[in-house]
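Thanks, everyone. Let me put the model up, and then I'll walk through a few spots.

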Amino acid sequence: LLAENPSGVFLSNGPGDPAAVEKAQEVILAVAQRRIPVFGICLGHQLISRAFGARTFKLPFGHHGGNHPVRNLDTGAVEITAQNHGFAVETDAEGGIPGAPDLRITHTNLYDGTVEGVAHRELPVFSVQFHPEAAPGPHDSRYLFERFVDLMGAENRPS
């Protein structure tokens, strides 16, 4: 992957337990340490979180369907999202992510308080648990793709 000198790496959704995808963690870290932008959704979000030290757990019922309210902690906006996952990133009583001090929480689920998004504090890495690509809507989170494209701009490329 690194030999291809990608402008960015997108980690898509997929079924299953993120703990079972162990080899992805070393690839994610290698890409991120080269300052190549990384954007993950759903399973990709869980894999990014685990790569930086977070733990995941199985939700009792999962989040499925549309109209799930998620608060964007950077803007305060509530985004209406589509979701389809059975695992989530673990948090602690202080609202942080145990084992992953380099990640900050960017989005939270307004139904149950689970982590819906993270960003690395220094590297061009971010992810969301929900599906911003879902169509025919809602489209509240389309800005995430613009953010990823901006991160892949020439001024952010590794030399």
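Phe 10 is partly exposed, at 37% relative accessibility. Keep in mind that this is a predicted model. By the pairing rule used here, there are six aromatic pairs. Take Phe 10 and Phe 148: the ring centres are 6.4 Å apart and the planes sit at 50°, so this pair is tilted. Phe 10 belongs to strand 1 and Phe 148 to helix 3, residues 143-151, so the pair ties together parts 138 residues apart in sequence. And Phe 148? Buried or exposed? Buried, with a relative accessible area of 8%.

Next pair. Phe 39 and Phe 145 meet edge-to-face, with 5.4 Å centre to centre and 70° between the planes. Again, distant parts of the chain are linked: Phe 39 is in strand 2, Phe 145 is in helix 3, and they are 106 residues apart. Phe 39 is buried, at 0% relative accessibility. Phe 145 is partly exposed, at 27%.

Now put those together. Phe 10, Phe 39, Phe 126, Phe 145 and Phe 148 form one aromatic cluster. Phe 126 also has a charge over it: Arg 147 lies over the ring face, at 4.0 Å from the ring centre. There is another case at Phe 87, where Lys 58 lies over the face at 5.2 Å from the ring centre.

On to helix 1, residues 23-33. Which residues of helix 1 are buried? Ala 24, Ile 28, Val 31 and Ala 32. Look down the axis of helix 1: the buried residues fall within an arc of 95°, so they line one face. What do they pack against? Strand 1, strand 2, helix 2 and strand 7. Strand 1 and strand 2 should sound familiar, with Phe 10 in strand 1 and Phe 39 in strand 2. On the other side of helix 1, Lys 23, Glu 26 and Gln 33 are exposed. Just after the helix, Arg 35 takes a positive phi of about 65°.

Last stop, His 63. His 63 sits in strand 3, which covers residues 56-72. Relative accessibility is 7%, so His 63 counts as buried. Which side chain makes a polar contact with the side chain of His 63? That of His 85, at 2.9 Å. Leaving aside neighbours within four places in sequence, His 63 is in contact with a mixed list: His 68, Gln 83, Asn 84, His 85, Asn 109, Asp 112, Thr 114 and Glu 116.

That's my tour. Questions, please.

Technical notes. Residues are numbered from 1 along each chain as its sequence is written. This is a predicted model: local features need pLDDT of at least 70, side-chain atom pairs count only at pLDDT 80 or more; totals for chains, interfaces and linings use all residues. Side-chain values use heavy atoms; hydrogens and water are left out. Helices (H or I, at least four residues) and strands (E, at least two) are DSSP runs, numbered from the N terminus. Buried means under 20% relative accessible area, exposed over 50%, partly exposed in between (1.4 Å probe, protein chains only). A polar contact is a pair of N or O atoms within 3.5 Å; within protein, one must be able to donate a hydrogen and the other to accept it, and residues adjacent in sequence count only if both atoms are side-chain atoms. Contact means heavy atoms within 4.5 Å. The arc is that of the directions from the helix axis to the C-beta atoms. Rings of Phe, Tyr and Trp (its six-membered ring) pair if their centres lie within 6.5 Å; planes under 30 degrees apart count as stacked, over 60 as edge-to-face and the rest as tilted. A charge sits over a ring if NZ of Lys or CZ of Arg is within 6 Å of the ring centre and within 35 degrees of the ring normal.
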